[in-house]
Amino acid sequence: MKNMKIKTYNETIDLGDGRTITLETGKLAKQAHGSVVVQMGKAMLLCTVVSNYESGNVDFLPLTVDYREKFAAAGRYPGGFFKREARPSDGEILTMRLVDRVLRPLFPKDYHSEVQVMIQLMSNDVEVMPDALAGLAASTAIQLSDFPFECPISEARVARIDGEFIINPSRAQLEKSDLDIMVGASADSVMMVEGEMDECSEEEMADAIKFAHESIKIQIEAQLRLAKAVGRKQVRDYEKALEDEELYKKINEATYQKAYEIAKKGTSKTERSLAFSNLRNEVKSLFSKEDLEKNDNLIDKYYDKSQKEAVRELTLSEGIRLDGRRTTDIRPIWCEVDYLPSTHGSSIFTRGETQALATVTLGTSREANKIDMPSYESEETFYLHYNFPPFCTGEARPLRGTSRREVGHGNLAQRGLKGMIPKDCPYTVRVVSEVLESNGSSSMATVCSGTMALMDAGVQITRPVSGIAMGLISDGKRYAILSDILGDEDHLGDMDFKVTGTSKGITACQMDIKIKGLSYEILVKALKQARDGRLHILSEMNKTIDKPNAEVKSHSPKMITKRIPNEFIGPFIGPGGKVIQELQKVTGCTIVINEDPETEEGIVEILGTDKQGIEAVISKIESLLFKPEKGNNYKVKVIKILDFGAVVEYLNAPGNEVLLHVSEIAWERTNNVNDVLKLGDEFEVKYFGVDPRTRKEKVSRKALLEKPEGFNERPPRPQNKDNSKKDK
């Protein structure tokens with residue numbers, strides 16, 4: 001049998017610093033509608049795309065982007081009882097969202113066939129962060145398919161080290177960077193930005209985006225070359241959405257001005273929703289029952305289009321928004337801290353019709369959030385969880401666990417705050433945000449409430465952080481930048497971007513840009529308007545709390561850390577953990593020990609609410625480490641009486657014992673120890689170090705007593721210089 005010949009196609013992308021990315025197709029997954037292997041170093045991603053030829057009975061694009069990292073790619077087993085990959089990790093979900101947000105707008109709006117984009121890490125490289133290649137892989141696979149898709153895109157990560165930008169850095173490089181952003185773009189337009197920064201300026205952020213875009217253009221050219229070499233497939237036909245210009249004209253004439261007037265009134269969300277709903281019903285009353293049955297979806301679609309045009313025109317022509325604000329106005333804000341009596345820290349942040357309640361919990365390193373992915377293993381000692389229940393928007397929806405949206409918004413808020421947690425913070429800190437009302441950027445409300453809850457908890461953050469959601473409306477000639485957008489403005493606008501930062505600069509951002517060719521001048525202007533809004537919000541927060549409380553709350557655990565040499569860790573823990581378990585039981589403290597490989601020391605974390613309990617643990621550690629110095633005096637207590645002396649315990653180091661020999665109790669001869677000392681007696685002794693004759697530690701009580709007048713000390717017994725021979 002002859003070997004089957006496989007024709008493969010390859011393209012190489014030069015990153016300009018000796019590193020390359022290779023695109024290969026034709027070898028794997030040939031039954032998929034498009035497939036590609038993207039390789040950088042030893043890291044290899046396989047991306048496949050498939051789309052049904054039948055249109056789904058839905059009015060949206062059923063697109064699923066799935067990104068998975070296989071543990072076998074790193075030569076590891078999955079954790080847990082079942083040695084099999086299960087639900088995606090938060091890291092995988094965040095990568096899915098990054099890719100989805102760039103791909104989704106480029107499919108035709110009337111394309112309703114189910115699409116699956118599956119990206120798998122097949123081989124890992126510790127020097128390569130694979131999530132930066134996922135967007136490139138997805139777009140390349142689509143270019144090799146017959147999908148209707150507007151244009152190729154790609155994504156790139158940018159880091160900055162010592163003022164120099166780097167494309168797709170390694171994780172080691174990223175740890176030295178003061179900026180980490182992921183940019184998604186087509187050849188002519190930036191479409192998505194997400195990342196974190198060390199309080200950078202608006203201009204610096206724009207420069208990083210430009211740098212990423214130049215690399216993305218090169219990656220797009222490689223995709224086009226590969227598709228041309230393979231032979232671009234003819235774009236498939238699909239069932240186009242029905243259009244009726246006459247119907248749209250009729251609806252627009254009947255509703256546009258009325259929608260304009262409703263929007264101009266500047267009413268609340270509830271009143272506005274009711275007025276628009278009544279107008280929709282009024283439009284439908286213009287049609288017969290037969291027309292409604294035939295064109296109901298089209299009537300709804302054209303009404304929504306007319307309403308959107310009216311609201312956008314109101315803002316562009318008059319600078320008025322749905323709730324009556326001008327473009328730069330921020331909704332009213334009220335805040336409160338220490339609302340929940342039993343939490344370690346809490347706050348409420350309310351801005352307009354958006355409200356977030358944040359709590360802070362303090363713990364030891366044992367409570368750190370462990371990250372276990374094939375491409376990355378670590379743990380977070382600061383993390384934030386974001387919950388978005390249905391009631392916050394006045395809806396009743398099925399509860400199906402944490403959504404991808406909740407993971408993404410929580411990660412954004414976490415990135416905005418984590419840079420302000422001091423490196424020497426002794427606690428593991430968990431922030432939980434409960435969104436209680438939502439009408440415009442609950443993730444930014446989470447940042448604000450999280451900041452205040454941290455300060456209320458006594459976490460010594462470097463500076464408070466605020467966040468704002470911004471919008472943009474443009475018709476190509478005119479544009480309006482909107483501060484603190486509503487939920488409706490997010491839907492009808494051309495750009496949605498969220499920015500968090502301190503008084504010094506930006507700490508995190510998330511942008512989704514829906515229009516082509518947005519100029520960097522408009523982008524920087526929007527970022528600067530966002531800064532003004534952030535600082536206003538920050539000033540309102542400062543009226544409630546402007547700096548961290550000096551101490552944690554009385555019911556909050558206090559954390560003390562002590563270092564001990566590694567050789568003392570075993571005795572401190574005791575056989576089978578007996579000593580440390582008993583100590584925790586007696587003191588009510590939580591004790592965690594971690595080894596520091598750099599210093600060969602153990603770091604002991606002591607967490608407790610009772611001051612005496614913490615002091616007892618510290619006393620135990622100090623007694624373990626106690627080493628008396630020769631010539632010093634120490635106070636001791638008698639804990640045992642023997643025929644030849646007494647066992648005494650150092651009062652400043654309980655548990656440390658030494659023998660006080662009968663000859664060192666007093667100047668006079670002591671025939672019976674009980675005649676001079678009793679159990680529990682406390683007195684001072686002098687420490688003489690190790691006696692070379694007995695090779696035991698020597699302490700003396702009599703050395704601190706006045707020698708009786710006329711006392712003749714018995715001369716010491718002469719030592720045998722040849723004891724070794726005598727023993728033989």
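Begin by selecting Arg-701 and Phe-683 in this predicted model, where Arg-701 lies over the face of Phe-683, at 5.5 Å from the ring centre.

Next, select Lys-210 together with Tyr-520, and you will find another charge placed over a ring, for Lys-210 lies over the face of Tyr-520, at 5.1 Å from the ring centre. Keep Tyr-520 selected, since Tyr-520 is also one of the residues that line the largest cavity.

To see the rest of that lining, add Ser-189 and Val-190, and then Ile-513, Gly-517, Leu-518, Ser-519 and Leu-523, which together with Tyr-520 surround the space. Rolling a probe the size of a water molecule over the atoms is what shows where empty space is left. In this structure there is one cavity of 30 Å³ or more, and about 60 Å³ of space lies in the largest cavity. If you colour the lining by class, you should find five nonpolar and three polar residues, with no charged residue among them.

Now turn to the aromatic rings, of which the structure holds ten pairs. Select Phe-107 and Tyr-111, whose ring centres are 6.1 Å apart and whose planes meet at 10 degrees, so this pair counts as stacked. Both Phe-107 and Tyr-111 are buried. Leave Phe-107 selected and add Phe-149, because these two rings also form a pair, this time edge-to-face, with 5.0 Å from centre to centre and 70 degrees between the planes.

Which parts of the chain does the pair of Phe-107 and Phe-149 link? Phe-107 sits in the loop between helix H1 (90-103) and strand S6 (115-123), while Phe-149 sits in the loop between helix H2 (131-143) and strand S7 (154-161), so that distant parts of the chain, 42 residues apart, are linked. Phe-107 and Phe-149 are both buried. Add Tyr-238 to the selection, and you have a cluster in which ring pairs link Phe-107, Tyr-111, Phe-149 and Tyr-238.

For the last stop, select the cysteines and look at their sulfur atoms. How many disulfides does the structure hold? The structure holds zero disulfides, and two of the cysteines show why. The sulfur of Cys-509 has its closest cysteine sulfur in Cys-200, at 7.9 Å, which is too far for a bond. Cys-509 is also buried, with a relative accessible area of 0%. For Cys-425, the closest cysteine sulfur belongs to Cys-589 and is 18 Å away, again too far for a bond.

How values were computed. Residues numbered from 1 in each chain as written. Predicted model: local features only at pLDDT ≥ 70, side-chain atom pairs only at ≥ 80, totals over all residues. Heavy atoms only, no water. 1 Å grid on protein atoms, 1.4 Å probe; cavity = no way out; pocket = protein on both sides within 12 Å on 5 of 7 lines; lining within 4 Å. Points joined across faces, edges and corners; volume = space filled by probe spheres on them. Nonpolar A, V, L, I, M, F, W, Y, C, P; charged D, E, K, R; others polar. Disulfide = S-S within 2.5 Å. Buried < 20%, exposed > 50% of the residue type's maximum accessible area, 1.4 Å probe, protein only. Phe/Tyr/Trp six-rings, centres within 6.5 Å; stacked < 30°, edge-to-face > 60°. Helix = DSSP H or I, 4+ residues; strand = E, 2+ residues; numbered from the N terminus. Lys NZ or Arg CZ within 6 Å of the ring centre and 35° of its normal.
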